[in-house]
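This report is meant for a reader meeting the structure for the first time. Please look through the sequence and the model before reading on.

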Amino acid sequence: MSKDYGDYQLEEGGRGEAKEKESVSRRSLLSIGWIASLVSLIGPGLANIRYLFPNVLYETPTAFKLRKPAEYPPNSISFEEDRRLFVFNDRHGFRAMSAVCTHLRCTVGPFGPGKGATSRCPCHGSLFDKQGRVLSGPAPRSLDFFRLTESPDGRLQVDTQDIVSADMYFKV
Ligand code: FES
């Protein structure tokens, strides 16, 4: 009897544990449900907030200042490597020529000394003269020249959106 009682107790205890396990699993299921609901609300909410900040590509300005004219030696071709630009200073005045190859936009190399100096593109070997003309390809066209002006603080200023002819000089 006592054994039966014990079994009964044991059985009751087992049922109690089973109920407890069942209630725990229900609780877990409820928690998972709540978490899933929150994620399904928060996810699209964050996506909508992200939508308010579009992917904008901030490009560098096309007009910028260079050095003061006196800082370019007479009869020189200065290579502004960070701007990918050549600044010519000769007896006619100043000119700014692009150093961006017209083939696939590599930066062309500096001009060597001498009258017939040329600039070679390191990527595929295009060769340019001081007028920007293509001496040998594969570059399809000449290098661009840009309008030069003087900024209020006395520096040369170039606008790479304003393309001019190779014989247009800026006189200080
Ligand atoms: S990028 Fe200059 S020759 Fe190809």
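What percentage of the 172 residues in the protein chain do buried residues make up? The buried share is 27% of those 172 residues, and, like every other value in this report, that figure was computed from a predicted model.

## The chain as a whole

The protein chain contains one helix and nine strands. Read from the N terminus, the order of these elements is α-β-β-β-β-β-β-β-β-β, so the helix is followed by the strands in the layout that is numbered from the N terminus.

The accessible surface of the protein chain amounts to about 12,200 Å², and carbon and sulfur atoms supply 58% of that area. When contacts with a separation of 6 or more are considered in the protein chain, 38% of them are made by residues 24 or more positions apart.

## Strand S1 and its distant partners

Strand S1 covers residues 63-65, and Ala63 has its place there. Ala63 is partly exposed, with a relative accessible area of 38%. In sequence, Ala63 and Gln157 are separated by 94 residues, yet their C-alpha atoms are 7.1 Å apart in space. If neighbours within four places in sequence are left aside, the residues in contact with Ala63 are Val158 and Asp159.

Lys65, also in strand S1, forms a salt bridge with Asp153, in which the closest N and O atoms are 3.2 Å apart. This pair links distant parts of the chain, since Asp153 belongs to the loop between strand S8 (145-150) and strand S9 (156-164), 88 residues from Lys65. Why does Lys65 count as partly exposed? Its relative accessibility is 35%, and the partly exposed class runs between the limit of 20% for buried and that of 50% for exposed. Asp153 is likewise partly exposed, with a relative accessible area of 36%.

## Other salt bridges

Side chains of opposite charge can pair when their charged atoms come close. In this model the count of salt bridges comes to five, and the pair of Lys65 and Asp153 is one of them.

Another salt bridge joins the side chains of Asp162 and Arg147, with an N to O distance of 2.6 Å. Because Asp162 lies in strand S9 and Arg147 in strand S8, this pair ties together parts that are 15 residues apart in sequence. Asp162 is partly exposed at a relative accessible area of 24%, and Arg147 is partly exposed as well, at 34%.

The side chains of Asp144 and Arg141 also meet in a salt bridge, at 2.9 Å from N to O. Is Asp144 buried or exposed? Asp144 is buried, because its relative accessible area is 19% and buried means under 20%. Its partner Arg141, by contrast, counts as partly exposed at 44% relative accessibility.

## Aromatic rings

The structure holds five aromatic pairs. One of them is formed by Phe88 and Phe145, which make a tilted pair with 6.3 Å from centre to centre and 35° between the planes. This pair links distant parts of the chain, with Phe88 in strand S3 and Phe145 in strand S8, 57 residues apart. Phe88 is buried, with a relative accessible area of 3%, and Phe145 is buried with a value of 3% too. Both rings belong to one aromatic cluster, which is made up of Phe79, Phe86, Phe88, Phe111 and Phe145.

Charged side chains are also found over aromatic rings in this model. The charged end of Arg95 sits over the ring of Phe88, 4.8 Å from its centre, while Arg83 lies over the face of Phe64, at 3.9 Å from the ring centre.

## Asn89 in strand S3

Where does Asn89 lie? Asn89 lies in strand S3, which spans residues 85-90, and this residue is buried, with a relative accessible area of 10%.

A polar atom of the Asn89 side chain lies 3.2 Å from the backbone oxygen of Pro73. Not counting residues up to four places away in sequence, Asn89 touches Tyr72, Pro73, Pro74, Asn75, Ser76 and Phe94, so that Pro73 appears both in this list and in the polar approach just described.

Terms used:
Residues are numbered from 1 along each chain as its sequence is written. This is a predicted model: local features need pLDDT of at least 70, side-chain atom pairs count only at pLDDT 80 or more; totals for chains, interfaces and linings use all residues. Side-chain values use heavy atoms; hydrogens and water are left out. A salt bridge is a side-chain nitrogen of Lys or Arg within 4 Å of a carboxyl oxygen of Asp or Glu. Helices (H or I, at least four residues) and strands (E, at least two) are DSSP runs, numbered from the N terminus. Buried means under 20% relative accessible area, exposed over 50%, partly exposed in between (1.4 Å probe, protein chains only). A polar contact is a pair of N or O atoms within 3.5 Å; within protein, one must be able to donate a hydrogen and the other to accept it, and residues adjacent in sequence count only if both atoms are side-chain atoms. Contact means heavy atoms within 4.5 Å. Accessible areas come from the Shrake-Rupley method with a 1.4 Å probe; for residues, only the protein chains shown count as cover. Rings of Phe, Tyr and Trp (its six-membered ring) pair if their centres lie within 6.5 Å; planes under 30 degrees apart count as stacked, over 60 as edge-to-face and the rest as tilted. A charge sits over a ring if NZ of Lys or CZ of Arg is within 6 Å of the ring centre and within 35 degrees of the ring normal.
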